[in-house]
Amino acid sequence: MADRVFPEMKKNFGFGMMRLPMNGEAVDTEQVSKMVDLFIENGFNYFDTAHGYINGLSELAVRECLSSRHDRSEYLLTNKLTGEYFKKEEDIRPFFETQLKACGVDYFDFYLMHAQNAHLFEKFKKCRAYETAFDLKKEGKVRHVGISFHDQASVLDQILTEYPEIEIVQIQFNYVDYEDESVQSRKVYEVARKHGKPLLVMEPVKGGSLVNLPDDARKILDDLNGGSYASYAVRYAASFDGMEMVLSGMSNLEQMQDNISYMKDFKPLDQREMDAVKKVSDVFNSLGMIPCTACHYCIEENHCPVNILIPNMFDCMNKKMIFKTWNQDFYYKEVLTASNGKASDCVKCGGCEKVCPQHLEIRDLLEKVAQEFE
Ligand code: SF4
Ligand code: SF4
């Protein structure tokens, strides 16, 4: 691997702590502790959290499973400033302090302005969020300042032009979104590189979609060297110049063991593998699936007044398209809507669409879900 821009990053694969294993409503901290230990034992050291992940439980899991059990020199920790937790400049520092406390640390290695898009960027500027983060860096409470980004490439160009001090950019990047017109993975990547910025990758397996592959796509990858479906997606993202770290939101020990097996001694995809994932991408694009990444932003903080499990509904719809079985009808009726809203209960308030980083037209999509399942 080429020399690291941040030599403190031991490897190019990080633990995204947004989809941790759960025991009912609580994080399965016993399993997370095992995952953390295995990760560190295998030479990895990058962990990523945010206050909104699992409604604040991710930060607490960081403290219980990582910071209270490992020396600070053994890990790097990234946290984020999320727009919905401040209204004015004066709110930012107190919020930041609660994040340090929740995670049980006295500094963050990376602090990212979270989910930047054109609208949120204006708010962050108005509240002097960037300036506050740069001050926190001067004070040693943050080692590096960056952004995570969800918008068109032109918006990234504007942000990096206005704030050249930004040190790193986290983007959504996977082989299906590479040429996608709304996510614009390739164009966003190219803008970051034009500004000389190193990158962090989120959603390399597209919220799990690149693991649950349609039959035609499975056949293509099965003909390669026997790696897991996730392995091709993660290695794809890590194969591009400037990708300092690829994050995976691992949900159990088995996923972590699989990821470690191919990222411990990382090898970029060779040409045959690159050709294969391009073909898989073509299969995906031909299915017209809903590009929801299951980030859950739309259903956190009571965004939906009628309590519709939006990401689960989209997943259900996608699975029906892929697997073409009746199981999804049963799941929709008996599980998803048994004690939550149905797709047809949507009152079209639009609250979910305002926070969707994929810019999905959720109201229209729910009409399609209702047509399919009700
Ligand atoms: S538009 Fe519909 S799905 Fe979205 S938050 Fe409002 S009621 Fe819920
Ligand atoms: S609909 Fe949008 S906000 Fe909701 S889970 Fe999917 S990608 Fe995230």
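**Exercises on four residues**

At 14% relative accessibility, Ala 115 counts as buried (buried is under 20% relative accessible area, exposed over 50%, partly exposed in between, with a 1.4 Å probe and protein chains only). This is a predicted model, where local features need pLDDT of at least 70, side-chain atom pairs count only at pLDDT 80 or more, and totals for chains, interfaces and linings use all residues. Residues are numbered from 1 along each chain as its sequence is written, and side-chain values use heavy atoms, leaving out hydrogens and water.

**Exercise 1.** Work out where Ala 115 sits and what its phi is.

*Solution.* Start with the element: Ala 115 belongs to strand 6, residues 108-116 (strands are DSSP runs of E, at least two residues; helices are runs of H or I, at least four; both are numbered from the N terminus). Now check the backbone: phi of Ala 115 is near 50°, positive in a non-glycine residue.

**Exercise 2.** Do the same for His 296.

*Solution.* Look in the loop between helix 11 (271-287) and helix 12 (310-323) and you'll find His 296. Its phi is positive too, about 75°, and His 296 is no glycine. Last step: with 32% relative accessibility, His 296 is partly exposed.

**Exercise 3.** Describe the surroundings of Arg 235.

*Solution.* First, place Arg 235 in helix 9, residues 229-238. Next, accessibility: 8% makes Arg 235 buried. Then list contacts (heavy atoms within 4.5 Å): leaving aside neighbours within four places in sequence, Arg 235 meets Tyr 262, Met 263, Phe 266, Lys 267, Pro 268, Leu 269 and Glu 273. Finally, zoom in on Lys 267, whose backbone oxygen is 2.8 Å from a polar side-chain atom of Arg 235.

Key
Chains lettered and ligands numbered in written order. Polar contact = N/O pair within 3.5 Å; in protein donor to acceptor, adjacent residues only side chain to side chain.
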